Structures are given as structure tokens and as C-alpha cells.
Amino acid sequence: MFARSLSLLSAVALISCGGADPTTEKPEGPASAQETRDTLVVGYMADMGNLISIVNDSASTTNILSNLSYPLIKSDFDCSLKKLPGLATDWKWSDDGKTLSMTLRDDLTYQDGTKVTADDVAFTWELISDPEVASPRISYVERMTKDGRPKVIDDTHLEWHFTEAYDRDSQMSHASSMPLLPRAKLGTADRKTLRGHQMSKEPLAYGPWKLAKWEPNTRIVLEPNDKFTGPAEDRAHLNRVIFKILPEYTTRLIELQGGKIDMMEDINVPDVDKLRKENPEIKLVRRGWRNNDYIAWNMTKPMFADKRVRTALAHAVDVNGMIEKMLTSETGEAFARPGVGTITPALCGVHNDDIVPLSHNLEKAKELLAEAGWVDTDADGILDKDGERFEFLLSTNNGNKRRADIQIRVQAQLAKIGVKVNLEKQEMNTFYENLRKKDYDAGVAGWSSSLFIDPESIWHCDTDTRKYEFNFVGYCNPEVDKLIEKGLTTADPKEAAPIWKEMQAKIYEDQPYLFLWWMDEIVGIHERFESVEIDVLSPFHNLHAWEVPPEKVKYKR
Amino acid sequence: MIKYIARKLVLAIPLVIGVVTLIFFLIEASPGNVADKFFNSETPPEVREMIVAKYGLDQPAMVRYVLMLKNLVFMDFGVSMATGKPVFELVADALPNTLILSAVTLAIIYPVGIVLGSIQATRQNSFTDTGISVGSLFLYSMPGFWLAMMLQLNISYHFSMWIEGMAAAGTISDTLGAILSIPGSGMYDAIQYDYMSPSEQFLNRCKHLLLPGLAMAVASAAGTARYMRSSLLEVIRQDYVRTARAKGLLERQVLVKHGMRNAMLPIVTLFGLSIPFLFSGSVLIEMIFAWPGMGRLIVNAIYAQDTPLIIACFFVSTLLVVAGNLVADVTYAIVDPRITYD
């Protein structure tokens, strides 16, 4: 009897312990206003990592951190990044393009009441440039002078000093979005162990939202930051935003359909039709072309060194057919477009729309291969040259069904022109390391594109002093290098645009990749939410402005 | 018995050392390293070197191995390389969740398995016996993750939507509707939990344990039923059972007092064998039901090649396995007085 009571007591203790305390403080504000504001519940794939911004490297953390802070320069997007005043009310470039002066608001405070000043900007970047911190962002300061990253003039004025007149969009993008760290709290912290500081779990908000709860691997709760002193129009409208951590895709989809969550990112194309039919209350939004797929040809191997061979292989693969079969819904809606480079078509002023993707043409492919010396001399159905068969290994990473499908389809299509493709899947870290070491034949991979242009790391030739690790294919075209260097040092984006277009055309002609496509990310959100901005910048753009009309509120508290 | 337990605990030490050694060198042999997470193509070489030094990756493997053993002795699990958080904290967050789920799973597997197996044995070759056998085989053969997804889809979605529909239409009361609506993910309601009373919170957590507990328990309960059936069938044919009946005892007394206790011995062995799987957490069940336990923690640590976290997780799992087997041995001795340890 006693044993049973003890075990029951333990079970109660176990079940009740951990997680939330019962009945937390209710958000401030009149009860009626709170009741009409609703809660957004997001099905989130992964938990946050480290909340100290400068050491964070996960998108799942960035999405949330950006809402706890107020950016120096706010971004909007319309063919290119548009800059709007944020914490910086005003900014000016010097004539030589090497100095950026900023004026800051003087009324913004952290949650604890201390002011946000120019010194905090300098402190944040001081930490980024300190090797002891080992920030993954350390490369951002490469083009800043040692005492100009930034230079503090006074509490509300600062200057960024750059070593050269570089592309302004990329310079400003790095600087403007980084959430600031207060010197008052972290000034005396040990930099070697900064990642373990209390602020990695409890950041000081100075934006529209505050972190109300973080239950590891369970949920993240944001509430309006009642200490926010920024513009009134930037105050949060919703009562709460709850990020429910659901790692499994099917679970997220079931919860979305069952009304247990309101929003879900990365919906698969086959589920689009199902949602349209069964859940018309879920609005489906395209997020635009941030992610692409491609096949990398290892040009350091003789088989892929010849441009004619690479072009032939591109003619032999039916990219449009694959989009139709893999990324088009049953009702005929395509959620991808053929790719012609690594600059996203979302940057419509810069993307070279004049490049016509190579046609699907088996005869042309065979012709080019024959020209390059690949003929089936021994009538075994596989092309050969100098005693070597045209046979190679196409590898990709585990756990990506779409890439596995690409492998199989490409294998079948290339077989038609006498090219034998063997397939292999590798563990993700292994696969990427092999790409970096150029220890592969061909690989199916993808990029997540940034919204400012920096093709150097992917396309520039390796030099004696610098190896470009993301140049997986060993591409080296001195003309392209010149165009990259010219484009990056052209401060005015309008002047740089034709340079980038020319660069894209040259690269496409060389066919270092078989450029496959740019994919639309599909996000589902319950129709009751208004002023929603799910766009190429962020799935939670201007989250503070999202709201629900009082008559449609679902969660009254 | 005390001497036996003490000896088992002492023998556990080389076992734990063996496991962490194997894990350490397996990680060493795997390609890539976590410092790559902090590099990009623009990281200058001197910064790369500094990052490598920070994580001790420039030390020879043997030096790091000895350091790891020393730290484990003092229970200093260090800091997670991927997140920078103390490993102890990460394990302390995940372990209770796995233990709760394991406890519930055990509470389903053994009572259900024993009862079903006993029913089958006492009604051997009847329709009930055959029906339970077929059902057990079906459940035992089912892949665990598929069962989990089917439970989630059909109970937490279809069935719960139907219940909610009936409540909205007024066919059943809202209260009954809330009780019958079974959740399919998480440890508690992410939205309303903060506004519940302590008793409501307790009931909410119990409801959330239902589906993951069932998914983890069903196949094992089916297997336990099979073992219980054959074990009890063997026992009830023994002379002492016939003697018990001849003495005029009720059939129930014969079965429970004389038969089951001896038939339980293989079940106790099964219990000892199942401990490792329960305490290491089932990563598939945890992923599907979004249960933040050890299974997910270990797998994510392996993907990130987060050495300190991997070592700590396997260290803790090994300790629990040893403890579980010890409990099984002691239970064995309690159930069968013929067994003594010295």
C-alpha cells in the first residue's frame, strides 16, 4: 500500500515537475483589449539555439531574435532590398563610398530601462571582431577598418569606415540587421565562454516583442514588449505568438489541418491540393525564390573538364519535365522556375532574364558529346573515349527526398544518350565535406540565396592566398573574376546591375553546374490573420503588425 | 544479495568505460568536425586555428580521451559544442521527459501483456485465444513509427475533429468534448496550459502521454502476451498446480498464487532486456509526437557531431541500463525464492 502511494506520488511529482508554472502573470493592458487580440500558433521545425545574436547561426533563432530587437535599418523588398529608417533615422554615404554615417533614435531602451546607444552598436561589433568570441560573423568586419567598426561620435551618432568602396547593399545588410548586445550587461563577461552566458537564454529585448517563455524543445512564447519605447506603429498587435516545436513534417501538417496550429512553413507541393480541398481556411502563400537545386560537375576531373560535355548533359536533362512532375500541383500550378545562375530571380533588376535555359534536346546532346570525342565504339550502349566509359557517380545527401528523386530521373534521362550514372547517398556532413575537398564526380546540391549579391565565394578562382571553399566545382574563368571584382567595388547598385548580368551570362555559357530550378517556399497561414507579410525577406516579416479582426478572434486569452 | 548488488555495481565501471571509449573513437573516426559549423569560406586561417584550439581539436585524440574520462569521473560533462550550453542542463531537460514516457510505457506493457497472456493460456485454443494471438502478431509486426503516425492521424486528428464537431453541434457537451479530444503532439497544451489550474495541468499532461505511450507500448505488450501465454501454459501443467487444484483451491487462487508467480520469470527477463530501449528514448516516437526526450537529443547531437553531448548521453544511458538490469535481477530473486545471489 505504502509502495503504491509512493509510486503514485512520484508519478505525480514527475509529471507535474518541469515546464511551466501554473498560471503566469497575464499580459498588461485592459482585459477587453487583450481579449480581442488573438494568439498566433506556429508549427516550428526546430528549437532556437543560442540567443546571443553574434554567435547564432540558425535560421530558427534568427526569425525570433529579429523580433526581440529593432533593426538599425529596416528592410523591405521590391526587386531589391529597400532600406527604411529603424533605429537609425538617417544615414549618408561619403563621396568616396568608404564612410557611412548614421544618426540613431535616442528614445529606444532595453527591457531593463537602459538606453540603446551608439556604444552598444560599437560593442556588438567589437565582440564580432574579437577572435576569442569565435563568432561565425567575423568575416563581416574584413572590409571595415579597425577603428571604424563603427566609430562612435556620441550616443546617437556613429560612422562605419570601410577599407574600400564596396557594394553598399551587402555592406549595409550585414551591419543593419544584427541584434545589438548591451555593453552594460556583457561588457565584463568572459569572451571565451560568452556562449554560456545567461543572455544566451534570456536576451534583453528592445523591439516590439519580448521572450515570455522558452521551454526547450517544447515551445517558445513571445508577448508584446510592454517596455518598448519605439514608434507606436511598431507596437505588437497580437496577444501572443507561440512557436510550437514539431520536428516531424507530418505532425505539423496534421496539426495545421486540425486547427491546432495556425501557421506552417515549407509545405510540400503534393499537400497543396489536399489543403486547398480539405482546408480552405488555410491561406497558401508563396515565399519566392530563395532556394535552388543544381547538379555540380567536378571540373577538376577530365570527364567534366570539357564545356561541350557539360552543355550536352544539360541538353539531355528535361528540367521543365521534372518541374512538372515533381514541383507542380495536380491542378497545374508550378512552384518552381528553371534556374540559370546563383543570383535569385527575386532580385529582378539584377537577374539576367535574357538567358534562355538550354533546350531539352537529345540529338544536340549526342552531337556535342561526339564532338568532344565520346562515341559508343564497342556498341555496349555506353559512350566511351580512349578506352574509358562515360560512367560516373552522382551523389547527394541523405534525408532529402526531392534530391533523391532528381538522382533517379537524371540517371534515367542520361541513359538515353549512353551515359551511365551510378547513384549514392551520403551522410550530410560527409557529402558537404566531399564537395569542399572536390572528392566527388557529380553532386546534387542546392543553395539558399542571400538578397544581396556576393558571388565571390562560389565562382571566384582560387588564388595563392585564398581558397574559395564554396567553389565546389573548381570553376576558374578570369573574365568572370574581373566582373565579380568590378561588380563588388561598384557602389551604385544600378551601375553594378549590367556587370552582374554579364557575369551570369558568362557563367551560364560555361555550364559549371546543371542549373535546375528555383523553388517557391509554400507557407500556410489561417485566413483570420490580416496584415500578414510572408515574403522573400522572412516568413515573419513585420510580425508586430499582424492582427486579427475582433469578430474572428479564436484565442481570447 | 547485498554483495551481489555491490559486485554488479563494481562490474558496471568497466562497462561504462568500454561504452564511452567506443563512442569516443567512433566519433573520432567519423568525417568532418563541428568546428566547420563556425567556418565559412571567408574565415581567415588564423581565426580557423583559434576556433580549432578553442574546441581542443588540435590536441591528439589520446589527450582528449584521457581528459574526457577525467571529466566524467567528476561528472563534469562540459559544454555542448553546437549550442554552447552546459551539457548537464541539456540532459537534465531531456531525461525526465524520457523517464516519464518510459514509466507510462512500462505501466501499459506489463499489466496488459500479462493479463492478455493469462487469458489466452486459460482459454487455450478457444476463439478468444486465437483472436488475441492474431491481433498480437499483427501489432508486433507493425513498424513502430507507422503505428505512431496512424494513431496520430486517426485519433488526434480524425477522431478528435469528429468529437469537436459533435460538441460544436451540441450533440455532446463541451466538457465531454474536451475530455474525449486526444492530443497528438507535445507534453502539454502549448496554448492554454498557462491558464489551467494545477489539477487541469496534471490531467492535460496525462492526456498527452496517451498516444506516445500507446505507440511505444503496443508492440511490446503484444510480445509480452505471447511470452506470458507460453510460460503460463507450461506452468499450469506442472504437478504442483495439479496438487493445488486437488487441495480444493479456487481456480483463480491456483492461477494467481501458484501459477503466475512462476510464469512471471521469463517476463522479468524481458523487463531487464527492454530497459535499454526504453531509457535511451525512442527517437522515432519522440520525433512524431514532438516529445523532447533523450532519443531526439542523442540523434541531433550525432548529426551535429557534438562530442561532449554524445558522450554524456551514452554515459547516462549506460548507467540507466546497468541500473535497469540490476532491478531486473533483484526482482528475479524476489519473484523466485529459489534464486539466491551471493
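**View 1. The open sheet of chain A.** In this predicted model, strands of chain A (E runs in DSSP of at least two residues, numbered from the N terminus) build an open sheet of four in the order β4-β5-β7-β6, with antiparallel pairing. Strands β4 and β6 (151-154) are the edges; each has a single partner strand, so one side of each lacks a neighbour in the sheet. From one strand to the next, the twist averages 20°. Residues are numbered from 1 along each chain as its sequence is written, and chains are lettered from A in the order in which they are written. Local features need pLDDT of at least 70 in this predicted model.

**View 2. The hairpin of β4(A) and β5(A).** Strands β4 (residues 88-93) and β5 (residues 99-104) of chain A pair in the antiparallel sense over five bridges; pairing requires at least two DSSP bridges. Ala88(A) stands opposite Leu104(A), and Trp91(A) opposite Met102(A). Five residues lie between the two strands of the hairpin, and Gly97(A) in the turn has a positive phi of about 70°.

**View 3. The bend in α8(B).** Helix α8 (residues 198-235) of chain B, where helices are H or I runs of at least four residues, spans only 47 Å between its end C-alpha atoms, whereas a straight helix of 38 residues would span 56 Å at 1.5 Å a residue. The expected span is 1.5 Å times one less than the number of residues. At Ala217(B), α8(B) bends by about 40°, the angle between axes fitted to the seven residues ending there and the seven starting there.

Conventions: This is a predicted model: local features need pLDDT of at least 70, side-chain atom pairs count only at pLDDT 80 or more; totals for chains, interfaces and linings use all residues. Axes are lines fitted to C-alpha atoms, for helices over the stretch in contact, and angles run from 0 to 180 degrees between N-to-C directions.
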